[in-house]
Structures are given as C-alpha cells and as structure tokens.
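Trainee: I should like to review this protein with you, beginning with its contacts and then turning to its nonpolar cores.

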Amino acid sequence: MSDVAIVPSGSEGLFDRALKRVTVLWRDMAASVGGPAEDASWEARMRACLEARGGEVSARNRAASLAQSYLTLDEAGRAGFFQALASFDSDPASVEAAMREVSAARDNASRASAKAKLRRVLEPPRLRLLTQFTTIPDGMKFLVDLRADLNRLMGRDPMLGALDADLRGLLANWFDIGFLELRRIDWNSPAALLEKLVGYEAVHRIRTWRDLKNRLDSDRRCYAFFHPRMPEEPLIFVEVALVQGLSGSVQKLLDEKAPVQDPRKADTAIFYSINNCQRGLDGISFGNFLIKRVVSLLREELPNLKTFSTLSPIPGFRRWLEERTSEAEPKLLTEEEAKQLVEWSGLASGDAALRALLAGPRALAGSWGLKAEPVLTRLCARYLVLETGRGGKRARDPVGHFHLSNGARIERVCWRGDVSEKGMRESIGFMVNYLYDPAKIEDYHEAYVGEGSRAATTALRRLARSGPQ
C-alpha cells in the first residue's frame with residue numbers, strides 16, 4: 001500500500017472544523033445580549049465589555065462577540081483592533097494623584113495604603129478585557145493566537161509594545177509550569193492531535209502517515225506539555241529515539257525501513273526534534289522543564305538508558321561562515337588548511353575555496369569538498385564553542401544557546417548529520433550532539449547563565465581553539 005500524503009495544517013481539515021465550531025458558539029452567545037451593534041467602533045464595543053452592564057454573563061457574551069468579529073478581520077482590521085485595545089490604558093491623572101499620595105505619606109501604614117492604591121490605578125483597563133476572553137469557550141487559545149498576531153503586527157509602536165507586555169505577563173502567569181500536564185503522544189492518540197503534531201513539526205518535516213507512525217513506534221517516544229484550558233493543543237513537544245550509542249545522522253535515525261529496536265536494549269535516548277507549537281507563547285520558556293521531565297520519565301521507565309543526548313541542527317553556522325568569508329581578511333584558516341584547500345580546489349586561495357564551498361551543494365559533494373571535512377569540522381567547533389552573540393556571553397547559535405541554558409554539554413560535531421536541503425542550506429549538513437548528564441545539568445546551567453561558560457568536551461574545546469582566533 002502506498003503512503004498517503006498528509007493534509008497541510010493550512011488546508012480544510014480538523015483545524016478549520018474546530019475553528020468553525022467555536023465561532024458558532026461565540027456567535028450564539030453574542031446573539032443573547034444587547035449592546036453596541038457589530039458595526040460600532042471597537043472602542044465602543046470594548047467599553048461595553050468593561051462596563052459589564054447586565055452582569056458578568058452579559059460581559060462574557062460581549063467578549064465572545066468581539067472574538068468572533070476579530071476572526072473575520074484582515075491584517076489592517078486586526079491592527080486597528082489592537083490600536084483600540086491598547087488605548088484602554090491607565091488614567092494619567094489618577095496615576096499622578098496616587099504617586100503624590102505615596103510621596104506625601106508620613107508613616108509606613110499610610111505609605112503601604114498609598115502604594116496599594118497606586119498599583120490599582122496603574123493596572124490598565126485592557127487587562128480586565130483580556131481576562132474576560134478566558135471565560136468564553138476556547139478563550140485561552142484565542143488569547144494565545146491573539147498575541148501571535150500582535151507580535152507580527154506591532155512593529156515599533158510603543159503602545160502596542162505595552163499591550164504585548166500586558167498580554168505576555170498574563171500568559172506567563174496562566175501558563176506557569178505548575179499548571180501544565182506532560183502527556184505521551186503515541187499512534188493511538190486522537191487523530192486530531194496527530195494531525196496537529198504534523199502541522200507543528202518544524203525541525204524535520206513529517207511527510208507521510210508512515211513517517212509519522214515510524215516516529216511513534218515502540219522504539220520512539222513523543223511527549224508534550226498541555227494546559228488544562230487547551231487540552232487538545234500541545235504547547236511544546238519533543239521527539240525521542242531509543243538507540244544504542246550516539247546518533248550522528250538524522251536521515252539514518254528517521255529511516256522508515258530501519259528495523260524497530262527493542263527499547264529495553266537501548267542505552268541512549270536521542271532528543272532529535274523539539275518544537276514550540278504556539279507562537280503566542282514566545283518568550284515563555286517550557287523547553288528546559290520538558291527535557292528534564294522527559295529524562296526523569298525515561299530513566300524510570302527504562303533503567304538501562306545511560307546517555308541522554310540531542311541530535312540538533314546548527315541553523316546559524318552557514319550564515320556565520322558567509323559573513324566571515326565576505327570580509328577582506330576572514331582569518332579563518334591556518335596556513336596548512338589554506339594550502340590544502342588551494343591544492344584540492346585549484347582556486348587561488350583558501351578563502352576563495354571556502355566561498356566556493358558555500359556557493360552551492362555541488363562543490364560540497366565533489367571530491368575536494370569531501371576532503372574539506374576536517375577544516376569545516378574545526379570551523380563548526382569554533383562556531384559552537386567560541387562564537388558569541390548578544391552581550392558577548394551567550395552562544396551565537398540559537399539552538400546552542402537553548403541547550404546550554406538548559407544545562408547541556410557540547411559533546412560531538414556530526415559531519416553530514418543532515419544532508420536534506422534545509423540541513424545543507426542552514427549548516428552545510430552539520431549537526432551536533434548536546435549531552436544532558438543528569439548529575440551535572442544544574443552545574444552546567446549555572447556556569448553558562450552566570451558566567452557564559454560553555455560546557456564542552458576537552459577534544460572539542462581543543463579543536464575550536466586550534467585555528468586563528
């Protein structure tokens with residue numbers, strides 16, 4: 001039987017049917033309450049929600065009407081909605097008066113009372129309106145998607161930036177790790193959830209149902225965090241392969257024709273894909289908790305597992321190399337490396353040979369391109385171990401920063417670890433193993449977050465420093 005192509009998440013499918021169901025509910029709720037007409041200004045309709053005439057039920061129904069109307073808007077309309085929502089800010093006169101009361105307070109008791117009043121008047125009315133959305137069906141998911149739209153549309157507008165800060169603060173509280181549930185996803189999970197897994201997979205695209213089944217087989221694990229108010233929506237998920245020894249090629253790891261292994265004989269768990277599913281929760285971190293929880297679960301289920309490692313992409317490596325080789329004096333190669341590249345490629349200089357390797361896949365796949373493996377491996381080690389990004393402390397590579405922040409160690413660079421089009425485009429085919437040692441996770445985390453010190457094997461550190469700096 002041939003594979004069946006999976007319907008993309010943007011097509012008519014379970015996503016769309018769920019959206020239609022909830023918008024019908026919102027429309028029915030809105031029809032049961034009076035107030036400003038749907039063609040009234042956003043400000044008037046939002047004010048009616050805040051005034052709560054008719055009680056909390058009426059306010060909730062008006063919030064449902066707002067949500068239903070928002071979903072019908074184009075980009076310009078949604079930008080106007082956000083501008084109106086952002087305008088419900090703290091009253092400046094009330095804030096100034098409360099600040100004067102704090103300054104005028106003569107004792108601790110009156111100062112405490114004045115500060116409490118200041119906190120109340122500083123709270124913008126839009127927070128109450130945002131909170132009202134949580135009372136409608138699927139309202140929490142609506143708010144998460146609302147913030148995703150806001151992040152895309154706000155640009156440098158300070159008022160919209162303040163609105164985003166308010167919404168992010170609410171979501172950070174509501175999505176605290178203590179409220180989340182960790183669940184395993186397998187082939188017997190609901191079809192709607194499996195389709196969402198396919199739609200949210202951004203690291204290694206799931207191409208067919210057979211591909212998906214392979215990733216959920218007995219020698220694989222998939223875990224996701226869920227929120228009780230979004231029980232059918234994964235927030236973040238991780239895919240794990242149970243193997244023997246470190247894996248250095250994602251194509252081999254995901255080979256559908258490879259025999260299924262006995263997980264009881266595996267000694268290594270490879271985390272090969274971690275995906276944040278909700279763009280509206282950007283900036284609210286779950287990944288570090290997810291990995292640590294999954295390590296704990298796997299150790300309990302399979303005591304034979306001794307090694308916990310990732311097989312991770314290096315999305316910034318090629319871009320960094322291109323930036324450096326475009327400089328007048330890149331200073332990337334040793335004299336011996338430059339001499340070898342000139343000899344192998346027939347080009348005028350080592351830097352020219354590097355630029356040729358970056359110019360297209362044909363040179364990399366050619367005989368002299370394959371000979372360049374030691375040079376490219378050293379440069380990749382340098383990029384991961386030494387190159388810095390913002391502030392001069394954190395790792396330049398975003399995936400590297402994520403894992404080092406979580407307490408991982410840079411274990412091994414994998415030449416031709418991902419030879420897909422995406423892997424070649426982003427990292428010239430390289431991948432990296434980040435090792436999670438349960439006994440040292442906290443020490444590595446503290447060293448990186450506090451001092452910017454990156455845990456790496458001695459061999460990788462020596463290799464990274466062996467060329468010109």
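Trainee: Among contacts in the protein with a separation of 6 or more, what share is accounted for by residues 24 or more positions apart?
Mentor: This is a predicted model, so the figure describes the prediction. A contact here requires heavy atoms within 4.5 Å. Among those with a separation of 6 or more, the share for residues 24 or more positions apart is 75%.

Trainee: Which helix supplies the largest share of the largest nonpolar core?
Mentor: The largest nonpolar core has 101 residues, and Phe81, Phe133, Phe175 and Phe317 touch the most other members. Its largest share amounts to 8 residues. These come from residues 373-385, that is, helix H19.

Trainee: Which residues does phenylalanine 317 contact, leaving aside its neighbours within four places in sequence?
Mentor: Phe317 is one of the four residues touching the most other members of that core. With those neighbours set aside, its contacts are Leu376, Leu379, Cys380, Tyr383, Asp397, Glu426, Ser427, Ile428 and Phe430.

Trainee: How many residues form the other core, which includes Ile185 and Leu194?
Mentor: That core lies apart from the largest one. Val198 and Leu216 are also among its members. Its residues number 14.

Trainee: How far apart do the centres of the positive and negative side chains lie?
Mentor: The protein carries 68 positive and 62 negative side chains. Taking the centre of each set, the distance between them is 2 Å.

Trainee: What percentage of the exposed area do carbon and sulfur atoms supply?
Mentor: Buried residues make up 48% of the 469 residues. The protein exposes about 22800 Å². Of that area, carbon and sulfur atoms supply 52%.

Technical notes:
Residues are numbered from 1 along each chain as its sequence is written. This is a predicted model: local features need pLDDT of at least 70, side-chain atom pairs count only at pLDDT 80 or more; totals for chains, interfaces and linings use all residues. Side-chain values use heavy atoms; hydrogens and water are left out. Buried means under 20% relative accessible area, exposed over 50%, partly exposed in between (1.4 Å probe, protein chains only). Accessible areas come from the Shrake-Rupley method with a 1.4 Å probe; for residues, only the protein chains shown count as cover. Lys and Arg count as positive and Asp and Glu as negative; His and the chain ends are not counted. The place of a charge is taken as NZ of Lys, CZ of Arg, CG of Asp or CD of Glu. A nonpolar core is a set of buried Ala, Val, Leu, Ile, Met, Phe, Trp, Tyr and Cys residues joined through side-chain atoms within 4.5 Å. Helices (H or I, at least four residues) and strands (E, at least two) are DSSP runs, numbered from the N terminus.
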